[in-house]
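Trainee: I should like to learn how the features of a protein model are read. May we work through one together?

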Amino acid sequence: CPTCRGAGKSITHPCSTCNGMGKNAEQKKVKVTIPAGVQNGMQVRLNEEGEAGTLGGPAGDLYVFLDVEEDPVFQREGEHVYRNLDIGLAQAALGTTAKVEVLDGFEEVSIPKSTQHDDLICLKNKGVPFLHKKGRGHLYVRTQIKVPNRLTKKQEELLKAFAKESGEKVNTSTSIKDKIKKTFS
């Protein structure tokens, strides 16, 4: 019937809060547990936390869409994580160890001899936890060899000697400042 709309009863004196609908809009805080390993764009469903059902029916579900922030140090690809590590020329050539920040603290990493720029060192099971199963992805440390901007005279001499021993051709000319000093001395 048009009066009760199939409910079998009609409200003659509707309340001012719900206007006879039996429900009203209100804000509510809900605690959401985000599982480890979620990725950007995923959603979490909260059963019966959505809008109230009609005619006394159960409430609908609430969907929370996740927006995972990017980190300035770590880059994520699925469960695997990448990070850069700056090392010096001598450290790359001779090898070293370095204390590296990982997702849950710090880890001592061994840099082998003859490491090249952009080499990857794998730290197994130090990445993001798998979603809905045990285990973690890997964390990859990408080496970034940094060449010094300024060298002392001794460093420059040592590098020239190294280049000569290696058979590498390098610029042996001195700076303009050195040429002027040489001319007037």
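**Reading the salt bridges**

Mentor: Five salt bridges are counted in this protein. Please keep in mind throughout that the model is predicted.

Trainee: What is the general idea behind such a pair?

Mentor: Side chains of opposite charge can pair when their charged atoms come close. In practice, a salt bridge is counted when a side-chain nitrogen of Lys or Arg lies within 4 Å of a carboxyl oxygen of Asp or Glu. Glu49 and Lys28 meet this rule, with their closest N and O atoms 3.0 Å apart. This pair links distant parts of the chain, 21 residues apart: Glu49 belongs to the loop between S1 and strand S2 (62-65), and Lys28 to the segment before S1.

Trainee: Is Lys28 buried or exposed?

Mentor: Lys28 counts as exposed, because its relative accessibility is 57% and the exposed class begins over 50%. Its partner Glu49, at 30%, counts as partly exposed.

Trainee: Which residue meets Asp104 in a salt bridge?

Mentor: The partner of Asp104 is Arg136, at an N to O distance of 3.1 Å. Asp104 is in the loop between strand S5 (96-102) and strand S6 (105-111), while Arg136 is in the loop between strand S7 (120-123) and S8, so the salt bridge ties together parts that are 32 residues apart in sequence. Asp104 is partly exposed at 49% relative accessibility, and Arg136 is also partly exposed, at 24%.

Trainee: Where do Glu156 and Lys160 lie?

Mentor: Both are in helix H2, four residues apart, which is about one turn of the helix. They form a salt bridge whose closest N and O atoms are 3.3 Å apart. Glu156 is partly exposed at 34% relative accessibility, and Lys160 is partly exposed at 27%.

**Reading a helix**

Trainee: How is the length of helix H2 judged?

Mentor: One compares an expected span with the distance between the two ends. Helix H2 comprises 14 residues (153-166), and at 1.5 Å a residue it should span 20 Å; its end C-alpha atoms are 20 Å apart, which agrees.

Trainee: How many of the 14 residues of H2 are buried?

Mentor: The number is one, so H2 lies largely in the open. After the helix comes Gly167, which has a positive phi near 80°.

**Reading strands and their pairing**

Trainee: Which way do the side chains of S1 point?

Mentor: In a strand, one may look for alternation between two faces. Along S1, Val44 and Leu46 point to one face and are buried, whereas Gln43 and Arg45 point to the other and are not buried. S1 pairs with S2 in the antiparallel sense over four bridges, and Arg45 has Tyr63 in S2 as its bridge partner.

Trainee: In which sense do S3 and S4 run?

Mentor: Strand S3 (residues 74-77) and strand S4 (residues 80-88) run antiparallel and are joined by four bridges. Phe74 has Arg83 in S4 as its bridge partner. The hairpin of S3 and S4 has two residues between the strands, and Gly78 there takes a positive phi near 65°.

Trainee: What is the sense of pairing between S4 and strand S8?

Mentor: S4 and S8 (residues 139-146) pair in the parallel sense, over eight bridges. Opposite Tyr82 stands Tyr140 in S8.

**Reading the surface and the whole**

Trainee: Which residues make the nonpolar surface patch?

Mentor: Val30, Val32 and Ile34 make a patch of about 190 Å². Val30 is found in the segment before strand S1 (43-46), and is partly exposed, with a relative accessible area of 31%.

Trainee: How many helices and strands does the protein have?

Mentor: It has three helices and eight strands, in the order β-β-β-β-α-β-β-β-β-α-α along the sequence.

Trainee: How does the radius of gyration of the protein stand against that of a compact globule?

Mentor: A compact globule of 185 residues would have a radius near 16 Å, but this protein has 33 Å. Its C-alpha trace spans about 110 × 45 × 25 Å along the principal axes. Buried residues make up 18% of the 185 residues.

Key. Residues numbered from 1 in each chain as written. Predicted model: local features only at pLDDT ≥ 70, side-chain atom pairs only at ≥ 80, totals over all residues. Heavy atoms only, no water. Patch = residues over 30% accessible without salt bridge, like charges linked within 9 Å, V, L, I, M, F, W, Y side chains within 5 Å. Areas by Shrake-Rupley, 256 points an atom, 1.4 Å probe, with all protein chains shown as cover. Buried < 20%, exposed > 50% of the residue type's maximum accessible area, 1.4 Å probe, protein only. Pairing = 2+ DSSP bridges. Expected span 1.5 Å × (residues − 1). Rg over C-alpha atoms; globule rule 2.2 N^0.38 Å.
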